Amino acid sequence: MSKAAQKYFELYAEAEAADLKNLPHDVFHCVIIPCYQEVHLNLKQYSQLTDASILFIVVVNEPEDASGDAKEINKKLMMSLKEQGELHWKANAISLFQYGKDLLFIVERVGELAIPNKQGVGLARKIAADM
């Protein structure tokens, strides 16, 4: 890792990135998907585009003042995604699932870990990019 990248991770990266230091997987393709109030997410449509495995990073997020309906939709999406894969690893609010030939990270930035109201989807994208 370059000195600039190392400095970035030490000073600016989100906490989720630090949880991945000892992850034993190498990946070549990555898709970042921030989700807020998404009723359904079909990752298989993307998986079929290539024979190579893909790492999906899905950041399920909500603002601190999210409505009860929004929280329930997020909860159902997380349950749906988790039911479709096999859990391989978990650290704090991050879970890694085998999803066919692909890997799926689910980052849960909901409830007590909700995203501050003024940071929104930008922070969700940053979390995934740092990972």
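Colleague: Let me start with a pairing: which residue is the bridge partner of P34 in β2?

Modeller: Happy to help, and please keep in mind that this is a predicted model. β1 and β2 run parallel to each other, with six bridges between them. P34 has its bridge partner in β2, and that partner is V59.

Colleague: Thanks! How many helices and strands are there in the chain, and in what order do the elements run?

Modeller: The chain has five helices and five strands. Read from the N terminus, the order of the elements is α-α-β-α-β-α-β-β-β-α.

Colleague: Which residue in β5 does V58 stand opposite?

Modeller: β2 also pairs with β5, in the parallel sense and over seven bridges. Within β5, the residue opposite V58 is I106.

Colleague: Is β2 enclosed or open, and how many of its residues are buried?

Modeller: Let's take the two faces in turn. In a regular strand, side chains alternate between the two faces of the sheet. On one side of β2 the buried residues are L55, I57, V59 and N61, and on the other they are F56, V58 and V60, so both faces are covered. β2 is therefore largely enclosed by the rest of the structure, and its buried residues number seven of seven.

Colleague: Now β4: in which sense does it pair with β3, and over how many bridges?

Modeller: A good place to look is K90, whose bridge partner in β4 is S95. The hairpin of β3 and β4 has two residues between the strands, and N92 there takes a positive phi near 55 degrees. The two strands pair in the antiparallel sense, over five bridges.

Colleague: And which residue in the turn between β4 and β5 has a positive phi?

Modeller: β4 and β5 pair in the antiparallel sense over six bridges, and S95 stands opposite I106 in β5. β4 itself is mostly covered, with five of its six residues buried. Two residues lie between β4 and β5 in this hairpin, and the one with a positive phi, of about 70 degrees, is G100.

Colleague: How many residues does the largest nonpolar core have, and which have the most contacts inside it?

Modeller: In soluble globular proteins, nonpolar side chains tend to be buried together. Here the largest such core has 16 residues, and those with the most contacts inside it are L41, L43, V58, L81 and L104. Elements that each supply at least two residues of this core are β1, β2, α4, β4 and β5. Another core lies apart from it, with 13 residues, among them L55, V59, V107 and A124.

Colleague: Which residues does L104 contact beyond its neighbours within four places in sequence?

Modeller: L104 is one of the residues with the most contacts inside the largest core. Once its neighbours within four places are left aside, its contacts are L43, F56, V58, L81, S95, L96, F97 and Y99.

Colleague: R109 caught my eye. Is R109 buried or exposed?

Modeller: R109 is found in strand β5. Not counting residues up to four places away in sequence, R109 touches E16, V59, V60, N61, E62, A114, I115, L123 and I127. Its relative accessibility is 11%, and the cut-off for burial is under 20%, so R109 counts as buried.

Colleague: How many disulfides does a search of the whole structure find, and why is C30 not bonded to C35?

Modeller: A disulfide is a covalent bond between the sulfur atoms of two cysteines. The sulfur of C30 has its closest cysteine sulfur in C35, 13 Å away, which is too far for a bond. C30 counts as partly exposed at 43% relative accessibility, whereas C35 is buried at 1%. The number of disulfides found in the whole structure is zero.

Colleague: Last one: what radius of gyration does the chain have?

Modeller: The C-alpha atoms fill a box of roughly 45 × 35 × 25 Å along the principal axes. Contacts between residues 24 or more positions apart make up 68% of those with a separation of 6 or more, and 36% of the 131 residues count as buried. A compact globule with 131 residues would have a radius of gyration near 14 Å, and the chain agrees with that, at 15 Å.

Conventions
Residues are numbered from 1 along each chain as its sequence is written. This is a predicted model: local features need pLDDT of at least 70, side-chain atom pairs count only at pLDDT 80 or more; totals for chains, interfaces and linings use all residues. Side-chain values use heavy atoms; hydrogens and water are left out. A nonpolar core is a set of buried Ala, Val, Leu, Ile, Met, Phe, Trp, Tyr and Cys residues joined through side-chain atoms within 4.5 Å. Buried means under 20% relative accessible area, exposed over 50%, partly exposed in between (1.4 Å probe, protein chains only). Helices (H or I, at least four residues) and strands (E, at least two) are DSSP runs, numbered from the N terminus. Contact means heavy atoms within 4.5 Å. Two strands pair if DSSP finds at least two bridges between them. A disulfide is a pair of cysteine sulfur atoms within 2.5 Å. The radius of gyration is taken over C-alpha atoms; the globule rule is 2.2 Å times the number of residues to the power 0.38.
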